[in-house]
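Reader: Could you take me through this chain by explaining what stands behind each term you use?
Author: Gladly; here is the structure to which the discussion refers.

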Amino acid sequence: MDLHTLTAHELAEKIKSRDVSARAVTDAFLARIEAVDGDVKAFVTVTADRARETADAVDRRLAAGEEVGPLAGVPVALKDNLCTEGVETTCGSKILRGFVPPYNATVVDKLLGAGAVSLGKANMDEFAMGSSTENSALFTTRNPWDLSRVPGGSSGGSAAAVAAGEAPLALGSDTGGSIRQPAAFCGLVGVKPTYGRVSRYGLVAFASSLDQIGPFARNTRDAALLLSVIAGHDPCDSTSVPRPVPDYRAGLNGDVRGLRLGVPSQYFAEGIAPNVQAAVLQAVELLESLGAKVETVSLPYTEYVLPAYYILAPAEASSNLARYDGVRYGHRTTGARDHIGLFEKTRDEGFGAEVKQRIMIGTYALSHGYYDAFYLKAQQARTLIQRDFAACWQSGIDALVTPTAPSVAFGVGEKADDPLAMKLSDICTLSANMAGIPALSQCCGFSEDGLPIGLQLMGPAFSEETLLRIAHAYELATDWHTRRAPL
Amino acid sequence: MALTREEVGRVAVLARLALTHDETDRLTHHLNDLLGQFAHLQELDTEDVPPTSHAVPVQATLREDVARPSLPREAVLANGPQVDPEAGGFIVPQVIGE
């Protein structure tokens, strides 16, 4: 039996019934990493010894007849911007190389509390800035469906790990599409929860008004379980919302009858590949045949999402990344004569080109004389973008259906020298972060050359249950999610 | 409004980045490129539109003013590139006076 091909639910079931030991499951995934990660390069750090210890502890509890959590013995991969006590956390950056956090992110503690086994840290674009992992200072992760292509980003390592069978589950973070776009490129379910649904304590900050942590899985049920484990209020993150967390699996009843789905015309425009548009519209037809009501809607301020995002996110980043100064952690330049020189040289040596570019845009947008023209203007555009969505929900729309990304996975190096082309890869996903609403990507077909196509669902704040229900109903009627990358 | 090389240099000072000559050239080019692509935002009518800083209304949340345990000093210093464990601090270049 190839344990690495099983879903998280199947693994949890087998472990709990002691059909297979947690140790055997962990060993199977470590062996899979050994076998394929030389090609895929999903992991920055593999914590094999720790993983085996955690798995053994789960087995001991089961042998003693003790209660175990819902993820007992199930392996997960963690994006390398989630702090892990005693395990290096680099954020894909030279400036954080060697940084060993003294505490766990809240989501990491929640996972361990639920019995999950962390396999290690997954590669990412430096400080989560990018759409391909090509901005990682360490190496570029490959797409398991076609090793000459990118896995998407910035959570590309997390997505590739799950798609390659190196982990059944992974966590990523999403500031402008960094969970959904790689989920689309790798044929997975990826969820960006509502702003405030999941604590960001211990997530290395990029743009604090946009960042959320969320799950990657091969199917909706697994994603729902992982979301149920990580969601909830945390006194250490004042933006997390004190609202009860449901078991997100409870609403997966396959029933979409009467749900009103909006298809926003702006997301099926020039720049979105015809094969992507066709696959998404076919999925919409299928949902209609299952009883959903479909209507065309308009989000007129969509064209302002990209410019507003690329002012607000860098502005917040320029502030958040001011802490990397060579004093308390990470890289420090040698031979600086004064403290300003220490900061300037450390940062110039430690940050990569994309990160510097965004710090510069953000600093410029916030600087004296330009604040009103850029930062304030972008915040006002953000209001208008939010009103677009609010109008949809007020008219009774339950969810919007769009492509997740404008194309299937592109080739390594194809867009690396064209910053704007790379940024357009997030054109369909940025708006959910700007509006703070939940959004999900799932596989809705394959291109002629066998690459996954992603469909995005967006809904009102805290409508994760509805989005997961729609995605699950779609899964019951299709078998895209059962395909595996040819590795 | 095109950004000059000198303006990019000034922004780099604010951002505490010691850019090389080549980096300044490249960034001047990139920033102008992006700002040009985003010019239509400037034309958006935002008269009477309030700015949004957070997606959901966030209020300052307060907790009881009770001391809680914090990280031990050694754990925090462990990541410092240059520390003085005995004095219990990070080492920085001289900041005040000669």
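**How the terms are earned**

Author: Strand 2 (residues 75–79) of chain A is mostly covered, since five of its five residues are buried. This is a predicted model, in which local features need pLDDT of at least 70 and side-chain atom pairs count only at pLDDT 80 or more, while totals for chains, interfaces and linings use all residues. Residues are numbered from 1 along each chain as its sequence is written, and chains are lettered from A and ligands numbered from 1 in the order in which they are written.

Reader: What makes a residue of strand 2 of chain A buried?
Author: A residue is buried if 20 or more other C-beta atoms lie within 10 Å of its own, exposed if 12 or fewer, and partly exposed in between, with C-beta atoms placed from the backbone. Pro75(A), Ala77(A) and Lys79(A) on one side and Val76(A) and Leu78(A) on the other are all buried, and both faces of strand 2 of chain A are therefore covered. In a regular strand the side chains alternate between the two faces of the sheet.

Reader: How do you know that strand 2 of chain A pairs with strand 3 of chain A?
Author: Two strands pair if DSSP finds at least two bridges between them, and five bridges join strand 2 to strand 3 (residues 117–122) of chain A, which run parallel. The bridge partner of Ala77(A) in strand 3 of chain A is Gly120(A). The chain crosses from strand 2 through helix 4 (residues 106–113) to strand 3 of chain A, and this β-α-β crossover is right-handed (with the strands pointing away from the viewer, the path from the first strand over the helix to the second runs clockwise). Strand 2 of chain A is also joined by three bridges to strand 4 (residues 169–174) of chain A, and these two run parallel.

Reader: Why are the buried residues of helix 8 of chain A said to be on the same side?
Author: In helix 8 of chain A, Val276(A), Ala279(A), Val280(A), Ala283(A) and Leu287(A) are buried. They cover an arc of only 95 degrees around the axis, which puts them on the same side of helix 8 of chain A; the arc is that of the directions from the helix axis to the C-beta atoms. On the other side of helix 8 of chain A, Pro274(A), Glu285(A) and Ser289(A) are exposed.

Methods. Helices (H or I, at least four residues) and strands (E, at least two) are DSSP runs, numbered from the N terminus.
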